[in-house]
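Q: Could you take a close look at one part of this model for me, the surface around one of its DNA strands? I would like to know what the protein places there.

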Protein chains: 2
Amino acid sequence: MTASSGNAREALAALDPRLPLHARLREALTTRLRGGEWTPSEPLPAESELAQDYGVSLGTMRRVLTELVDEGLLERRQGSGTYLRRMQAQNSLFRFFRHHRQGDAVPTGRILTRETRPAPAEVARALGKRTGTKALRLHRLRSYDDEPFLVEDIWLPLPAFAPVRDVELTEIGDLLYPVYEQLCGLVIGSADEELWVELADAEVAELLGCAPGEPVVVVERVARTHAGDPVEVRRSRGLASTFRYRVEIR
Amino acid sequence: MTASSGNAREALAALDPRLPLHARLREALTTRLRGGEWTPSEPLPAESELAQDYGVSLGTMRRVLTELVDEGLLERRQGSGTYLRRMQAQNSLFRFFRHHRQGDAVPTGRILTRETRPAPAEVARALGKRTGTKALRLHRLRSYDDEPFLVEDIWLPLPAFAPVRDVELTEIGDLLYPVYEQLCGLVIGSADEELWVELADAEVAELLGCAPGEPVVVVERVARTHAGDPVEVRRSRGLASTFRYRVEIR
DNA sequence: GAGTGGTCTAGACCACCCT
DNA sequence: GGGTGGTCTAGACCACTCA
């Protein structure tokens with residue numbers, strides 16, 4: 001047994017043994033891939049070698065690699081090897097950013113308020129928690145070139161998101177999902193969105209720089225982990241007159 | 001070998017032998033499933049039995065069944081069996097009907113005008129045709145209980161859609177995609193949609209029963225075949241005040 | 001308890017890429 | 001030619017469902 005195979009086996013043994021082997025293997029591999037051990041230019045070790053390192057059968061290793069390929073994390077090239085997918089940041093971080101404005105520029109995101117509150121009934125239900133459960137609420141303004149275009153109201157369940165409550169606001173960048181991942185270990189994998197139009201109240205009108213009563217588009221998103229657990233409820237409001245939203249349906 | 005296993009093996013043998021076994025098996029199984037041999041209430045034969053019928057290994061059968069589950073055609077219930085998924089009609093025909101109104105009711109669709117016209121530049125570009133290419137334009141009103149809620153402007157390239165131009169209007173039901181499939185052999189497989197808000201002009205206002213200048217939501221859809229060829233451009237307008245749109249992002 | 005899908009293994013052969 | 005992923009097989013044991 002080589003040193004590295006020892007490490008790989010240890011990483012696997014450290015995980016909850018009640019989970020199926022393929023689930024533990026998947027978690028161990030994902031952690032290692034996100035850790036930056038490999039670049040998209042060089043192949044991972046061969047499937048057979050990985051299987052040996054982790055002490056699993058080739059079939060189990062192939063099953064997990066297939067899942068990670070389906071998920072968009074890896075890329076297989078027959079005869080050549082298995083590679084990290086390029087543009088992974090675009091995929092994993094921007095995948096849920098659907099408001100279509102000037103090209104692919106990233107808007108800035110400034111957090112206006114951050115407070116702990118009991119979750120309203122509707123939010124608690126969407127998160128699968130009891131009404132009144134403690135939650136973190138973020139009020140956030142997103143802008144292009146200092147021009148506000150989206151007001152966001154974000155609810156995160158506690159204590160899972162306690163690190164987001166405690167971190168310095170200056171540590172939080174323009175995108176939240178990488179923060180969830182790095183501080184809380186939660187990776188967003190899917191979401192439901194619902195859109196409708198309502199009229200701006202005084203607060204939203206002031207933030208967006210329009211008159212109260214002007215139509216605004218509301219996007220309500222419930223974001224889930226890969227396992228399907230809802231972990232974020234987000235309501236975004238933007239001026240209807242300049243709003244664009246794009247979706248690809250497969 | 002039983003009679004049915006003979007049939008299953010024959011169905012497999014009739015397919016292009018250059019394809020991998022799992023691809024042939026998948027095609028044979030899909031055809032049989034769509035043929036209505038099983039209902040969602042009764043399980044398919046066990047995986048092991050199916051594998052034997054088709055003369056493939058359990059592993060290969062499981063691989064194909066897993067793919068069909070991922071695709072949404074089947075549903076596995078451990079300890080119980082493998083079942084056709086319910087609401088399959090909803091999936092294949094209503095999959096692109098995203099305007100969310102009272103439950104899962106189907107709105108009626110009435111064609112107001114049908115005419116042959118040169119396609120405007122924007123439409124021609126979306127369809128991958130030259131500007132001015134002949135196209136079929138449908139003007140359509142969709143209602144719930146005789147209450148109009150959506151005005152649709154639909155462009156279809158000719159001559160591919162000539163059968164839709166020539167068929168009696170009374171032969172066209174409330175859903176167009178089954179018509180495309182039956183008359184033209186074109187199956188819609190994916191689509192892009194883009195949403196924005198504009199103000200109702202006189203014609204739209206009259207059809208929707210609102211005042212001119214009221215905000216309406218516009219959904220522009222470019223629908224494609226499974227092969228990815230764009231074959232329909234559709235612009236739908238609905239009253240912003242009652243509009244709801246829902247999407248699942250994976 | 002009988003039957004189902006879920007997990008995991010071990011090994012064979014092929015198609016493809018690279019040098 | 002040597003190594004990679006792709007296909008396919010055979011069989012063992014477990015967890016779950018249902019009568």
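A: Here is a walk along the protein surface near DNA strand C. The model is predicted, so to speak of local features a pLDDT of at least 70 is needed, side-chain atom pairs count only at pLDDT 80 or more, and totals for chains, interfaces and linings use all residues. Residues are numbered from 1 along each chain as its sequence is written, chains are lettered from A and ligands numbered from 1 in the order in which they are written, and side-chain values use heavy atoms, with hydrogens and water left out.

There are 20 residues around DNA strand C (near means that a heavy atom of the residue lies within 4 Å of the strand). A:Leu21, A:Thr60, A:Gln78, B:Arg76 and B:Gln78 come nearest. On the DNA side, sugar and phosphate make up 84% of the strand C atoms that come within 4 Å of the protein.

Three polar contacts (pairs of N or O atoms within 3.5 Å) are worth a look. A polar side-chain atom of A:Arg63 lies 3.1 Å from a phosphate oxygen of DNA strand C. From chain B, the side chain of B:Arg62 has an N or O atom 3.4 Å from a phosphate oxygen, while B:Glu47 uses a backbone N or O atom, at 2.9 Å.

Two or more residues each come from helix 2 (21-34) and helix 4 (58-70) of chain A, and from strand 1 (74-77) and strand 2 (81-84) of chain B. Helices (H or I, at least four residues) and strands (E, at least two) are DSSP runs, numbered from the N terminus. Helix 4 of chain A gives the most, with three residues.

Methods. Polar contact = N/O pair within 3.5 Å; in protein donor to acceptor, adjacent residues only side chain to side chain.
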